[in-house]
Amino acid sequence: MTQVEEYLNDIVERDGTVHLTLIDPASQSPEEAAQIAHAAALGGTDAIMVGGSTGAGGVLLDQTLLKIKEKTDKPTILFPGSSSGVSKHADAVFFMSLLNSRDINFITTNQMMGAPVVYKSGIEPISMAYLIVEPGGTVGWVGDAKLIPKNKAEIAVAYALAGKYLGMHYTYLEAGSGADAPIKPEMIAAVKHVLGDNKLIVGGGIRDGEAAKQCALAGADMIVTGTILEESSDVATKIEELVSAIKR
Ligand code: 1GP
C-alpha cells in the first residue's frame, strides 16, 4: 500500500467515510474544472477523481489535472474509461477492471495497454474491482456491461468476492453517472459484509446529504459525487452538505 491509498484508508478509520469529487474533463474547460475542485476542497472533499467514459483523455486530461493542481493540494486520482485515461500529472490511478463487462477490452486489454504508462510515470496504482449495476448510464453502455440487476444483491456480492479473491483492494459499486437513484442500501450492506476490511466505493445518482448518508450507513467506505456538482451554482456549500452527512 502506498501514499494515496493509505491517505484514503486513514480517513475511513478516522471519519468513517471518504468523500470523492468526480470531475469529467469532457464536461467543462480545465479552468472551470479547477474552480470546481477548489470549491470542493473548501467544502471538505477528500480527493479529486478525474475521468470519464468518453473524450476524457489526451491534452484535455493533462490540462485539467495541471489546472486542478494549481488550485488545490488534495490528491488527484485518475478514473480512466480506457488506457487513454492515464496521465502522468495525477497522483494515483484507480487501476480497475470492469468485472461484469462482456468485452475483454474493459477487463484486461486496456489495463495491459495502460500499465506500462503507469509504471513509467510513477503514479500510484490502486487496484479496484469495478461493478456496474442497473441503470448503468453511459459507462454501462460504453463498457458493454452485463448490468447487475438493482435488486439482486447476491450477484453483486459474488462479483465483489471474486474481486477480493483476485487481490483487488477496492470495490466500486457504480449505478452510472446521473442515475435516477443510488445503489440500494441492501446491496451496499450485503457487499460490505463479505468485503470485510476491503474498501467499498459507491457512486452514481447521489444528489444530497440524505442519500449520501444512507449509502454510508449501509456500509459504503467512500462516496462519489459528480453530476450534482456540475449542476450546482454553489459547489462548496453542496459539498459541505454531503460531507457533513457522512463524516463522524
Ligand atoms: C459516476 O459514480 C459516479 O462514475 C458519479 O455519479 O455523476 O451521478 O454523481 P454522479
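At 32% relative accessibility, A115 counts as partly exposed, because that label covers everything between buried (under 20% relative accessible area) and exposed (over 50%), using a 1.4 Å probe and protein chains only. A115 sits in helix α4, residues 104-121. Its C-alpha is 32 Å from that of A39, and the two are 76 residues apart in sequence.

Keep in mind that this is a predicted model: local features need pLDDT of at least 70, side-chain atom pairs count only at pLDDT 80 or more, and totals for chains, interfaces and linings use all residues. Residues are numbered from 1 along each chain as its sequence is written, and side-chain values use heavy atoms, with hydrogens and water left out.

Helices (H or I, at least four residues) and strands (E, at least two) are DSSP runs, numbered from the N terminus.

**The nonpolar cores**
- A nonpolar core is a set of buried Ala, Val, Leu, Ile, Met, Phe, Trp, Tyr and Cys residues joined through side-chain atoms within 4.5 Å.
- In the largest one there are 30 residues, and L173, I183, M187, I188, V191, V202 and I206 have the most contacts inside it.
- Two or more residues each come from β5 (124-132), α6 (153-165), α7 (185-195), β7 (199-203), α8 (209-218) and α10 (235-246).
- The top contributor is α8, with 5 residues.
- Another core lies apart from that one; it has 27 residues, including L98, F106, M128 and Y130.
- Take V202: leaving aside neighbours within four places in sequence, its contacts (heavy atoms within 4.5 Å) are L173, I183, I188, C215, A220, M222, I223 and V224.
- In soluble globular proteins, nonpolar side chains tend to be buried together.

**Helix α7 and its two sides**
- Buried in α7 are M187, I188, V191, K192 and L195.
- These residues sit on the same side of α7 because they cover an arc of only 125° around the axis, where the arc is that of the directions from the helix axis to the C-beta atoms.
- On the other side of α7, you'll find E186 and H193 exposed.
- The cover over the buried residues of α7 includes α6, β6 (170-174), β7 and α8.
- Right after α7 comes G196, with a positive phi near 60°.

**Around the ligand**
- Residues around the ligand (a heavy atom within 4 Å of it) include L22, F79, Y172, E174, G178, G205 and T227.
- One ligand oxygen atom is 2.5 Å from an N or O atom in the side chain of E174.
- Polar backbone atoms come in too: one of G178 is 2.7 Å from a ligand oxygen atom, and one of G205 is 2.8 Å from a ligand oxygen atom.
- Of the 310 Å² of accessible area that the ligand has on its own, the protein covers 96%; such areas come from the Shrake-Rupley method with a 1.4 Å probe, and for residues only the protein chains shown count as cover.

**Backbone oddities**
- Most residues other than glycine have a negative phi, and most peptide bonds are trans.
- E134 and P135 are joined by a cis peptide bond, with omega about 5°.
- P135 is in the loop between β5 and α5 (137-142).
- D144 isn't a glycine, yet its phi is positive, about 45°.
- D144 lies in the loop between α5 and α6, and at 33% relative accessibility it counts as partly exposed.

**A buried lysine**
- K247 is in the segment after α10 and counts as buried at 18% relative accessibility.
- The K247 side chain makes a polar contact (2.6 Å) with the side chain of D46. A polar contact is a pair of N or O atoms within 3.5 Å; within protein, one must be able to donate a hydrogen and the other to accept it, and residues adjacent in sequence count only if both atoms are side-chain atoms.
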